[in-house]
Each structure stands twice: as structure tokens, then as C-alpha cells.
Amino acid sequence: MKKSIIWLLTVVMGITFCALLYFQITYLENMVKMREAQFSEGAMRSIYGTVGLLERRETMHFLEQDIRMLNSSYEDSDTDASGEILSSEELFPIPQPGKNPVISYRPPTEKLEKRYHELQEAIWEQYVYQRGLLDELVLSILYDAERRPVLERADADTIRKVLTVELANNGLEVPFSFAVTDNNTIIYSTEKYDPDLSEKQIYSARLFPNSNSRYELKVEFPTKANYIYSSVRFVIPTLALTILLLAIFIFTMILAFRQKKLGEMKTDFINNMTHELKTPISTISLAAQMLNDASVRKSPETLHHISEVINTESKRLRFQVEKVLQMSVLENSNSALNFRTIDANKIIAGVVSTFKLKVERFGGSLSFINDADEAMIYVDEMQFTNVIFNLLDNAVKYRNEDIEPELTVKTTDIDGKRLRIQIRDNGIGMKKEDLKKIFEKFYRVHTGNRHDVKGFGLGLAYVHRMVNVFNGTISVESELGKGSEFTIELPLAES
């Protein structure tokens, strides 16, 4: 699959997942806001219902005390309305049989008009009197109510019972705590009431609002958040599943890009391997054909030259095969390794001696500085030799052609516990972005079309893996155009 198609799919799926998450989060927020508004409305309706019922209970308290006085007042006022009243027959006579059935209107007499006005005056006087009694009663209630202690007007048990019923009627069967305050000073409260909560978490209403009362009823709901989110909890699993799918998608895309990159590296590896193996094979094949020539066999000098060529190319072919075999060590962590205690200085000196001729062929120098008093390490001798060999081979391969190569290998023991091996060169160096990737399998620093730096991209990956197997560390410092320095630290065998 082309890289552009992978990127297109990634962008489309990413936008789709982000849009889906946005809509789900928006829906969840709206649901929470709606449920919170419904909760607040129900809570305030319940509190106002409680306040109204308390006010009505207080009014009934005073009405029961004054009911007898009102009844006696009504009895005294009823006697004042006695007197003669005309009957309906006098106002509207019924026709007698045998007489003219036509009803004739008879205007009221002076006596009737007088009695009518007297009755009106009596009713008005009764109304004024009764109204005065009621006004006195209301004023008495207001005056006496202000003098009553708040615990008598609204005790905790009554508030709790009434508020519980009101909340249940509004569909809010949740635990609550409350307090009665006077100018924000708590007069009494329930045990779990927390006055430090924000105003948004406390619902309040004025007690006895139709009087000059300054008392307030403040109610809080400790489990309000749980109640609200429990009603929308069915959305949370879908949101979690969407996030999980997004994480899986991102992980899959990362794997896809890694696999594609690995595939490109393996293709490059196969191409390089074909080229590297083809050259010595072709040279050996040509030398073998020359040996079939009778004239060549008669010349000892020619035979010696051909044998040197075959020997050199065989070593080169063996070296390339060894490189390929190193890949099996990278792939299989359970490869058999023969650990034993060796003298690192001795092994390094042997590798340096082998590489000296190769470096001197380019007009350069290779020196070994042994500053390690203790150099016994517990490693696989062959793999450790390959580690040093690969680092020196890289130093020669990536030399600066404009100057003579200068390589230095230095060993130092640190506090008698670790051995430090430093390999420095004055080659072409590396960029900072390359330093982060040089230990990756199949990764090769871009050097243009130089034939002598073509390889498999396995050397440094192999070195990194072996150093880790030896319980050591490896780091590199490099500057483009000025060279590189690799530093390996391994535990000493005694430690």
C-alpha cells in the first residue's frame, strides 16, 4: 500500500474519530446541564413548598387561638340585623282563580323603602366590624409571630419531614442536609451540613416571606453529582469505547508505518546484500576461469597473484556472510552465547593490530591507549570481538576522504567497577537527527553514492544489542564534518 494512501486513511479516520468524540462529549455535557437544571428546579420547588407549608402552619396556629373570639364576634353582629321584612307574596302577588291573570306591578311603599335602607346600613356596619376584627387578627398574628422563637416557628424535625415529602413529590429521593440562618449566621443545622460549599451547591429560600423575617432555609445535597451523572452513565461506556477504538486505531497506524518502514529497509538490505555478495563471487569466479588457462598455470607469479585475489575475496565474502549471520542474533534473543571472563585489553589490542594495516593503507593511523588497570569482563569473546570490529569498520568506512583518518581506542576503568571503551575518529560525523536512529535495525546514514559505505544497516544495531546483553551501555557523540566518538561501559568481572 502506498504511503499516501495510508496517510489519507489516517487523516480520514482521525477526523471521523475526533468528530465522533466531539459529538459524544457535547451530548454528555448537554445531558448533564439539562439534568442539573431539572434537579435545581425540583429542589427549589420543594424548598418553596416547604416554606409555604411552614407559613400556613403558623397561620393555622394563631387562627386556632382566636377562633372562639371570632365566633363570639359573629354571634353579636347577627342580632343587629333583626326586623320586619316583606314576604315574597307582598312583593310579587300570586293571581287568584277567576280573576284577571295579568300581573300588575305595584311600586314599593315608603315603609318598604325605609326597611330596605335600614337593612343595607346594618349589613355595611356588620362588614366594617368584621373587617376590623380580621385586621386586628392579622396584625396580632404578625406581631406575635415576630416574637416567637424560630425553633417554635420552624423546628428541625418539621422541616426534615416536610422537605422529604416535597422532594419525593418532585421525584428527588436523595439525601440532604440543611440549616436555618439569620443574616448568614447559622442558628441551627443538621450534622452533615457544610457551610463552606459554594453558592451553586446550596439552595436557599427566605422563611416566612410575607413578613419581615430575615431567616433563610439553606439546603445542600451531598450526592447531587452522583445523582446527576447516574442518569447519564449509559453515555460514559460509549465514550470510553470510542476512546479505546481511537487508541487502537492510532496504535495500528503506528504499526503500519513501522512495518512499511521496516519493509523499505529490508528491501534496501536485500539490494545491498545482493551487491555486496555479488562482487566477491564475481571476482572469485573470474579467478577460477583464469586458472583453467594453461598459460596462466605455467606462470608462478600469475598463480600467486590469482591465489591472493581468491584469498582476499574469500575473506571479504566471509565477512559479509558474518554480517548476515549477525542478524540472526538480533532476531533471536535466545541465541546461544558462550560467556566467560576475558581480558578486554587483550582482545581490543588484537583487533587494533588487524585494523592497523587497513587504516595505514589510507594514509592514516590507529592508536590504542590502555589506561585500564582492571579490564577483566564477563562476555562472549566472539561477540565482543565483533562489537569492537564493527565500530572500527564503521570508523574506516565513514572516513573523511579529504584528510588522513585518525582513529583512537582508549580503555579506562571507573572506580574498579566498570570498564569504559572509547573509540574516536575524525570522519564525516553525523547529524543530530541521525544520532537518534543509528542503533535501529537496517538504518543507514545517508552518504550519497559512495560505494565503500554501502552496507546492510545491521552493524550498529548488532553492537547496541550485544552491549545490552553484556549488561552495558553505549552512547555516541558526533558533529557533522568533525568525527564521532562511541563510548561503551561494561561491568568488570569482579563486580
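**Exercise 1.** Find the helix that holds Leu460, and decide whether Leu460 is buried or exposed.

*Solution.*
Step 1. Leu460 lies in helix α13, residues 459–469. Helices (H or I, at least four residues) and strands (E, at least two) are DSSP runs, numbered from the N terminus.
Step 2. The relative accessible area of Leu460 is 11%. Buried means under 20%, exposed over 50%, and partly exposed in between, with a 1.4 Å probe and protein chains only. Leu460 is therefore buried.
Step 3. Leaving out residues up to four places away in sequence, Leu460 touches Leu391, Asn394, Ile438, Phe439 and Phe486; contact means heavy atoms within 4.5 Å.
Step 4. Asn394 is 66 residues from Leu460 along the chain, and their C-alpha atoms are 8.6 Å apart.

The model is predicted: local features need pLDDT of at least 70, side-chain atom pairs pLDDT 80 or more, while totals for chains, interfaces and linings use all residues. Residues are numbered from 1 along each chain as its sequence is written, and side-chain values use heavy atoms, without hydrogens and water.

**Exercise 2.** Give the strand order of the open sheet of four strands, and explain why β2 and β3 each have one side without a neighbour in the sheet.

*Solution.*
Step 1. The order is β2-β1-β4-β3, with antiparallel pairing. Two strands pair if DSSP finds at least two bridges between them.
Step 2. β2 (185–189) and β3 (202–206) are at the edges with a single partner strand each, so one side of each has no neighbour in the sheet.
Step 3. β1 (residues 177–182) and β4 (residues 215–220) run antiparallel and are joined by six bridges. Thr181 has Glu216 in β4 as its bridge partner.
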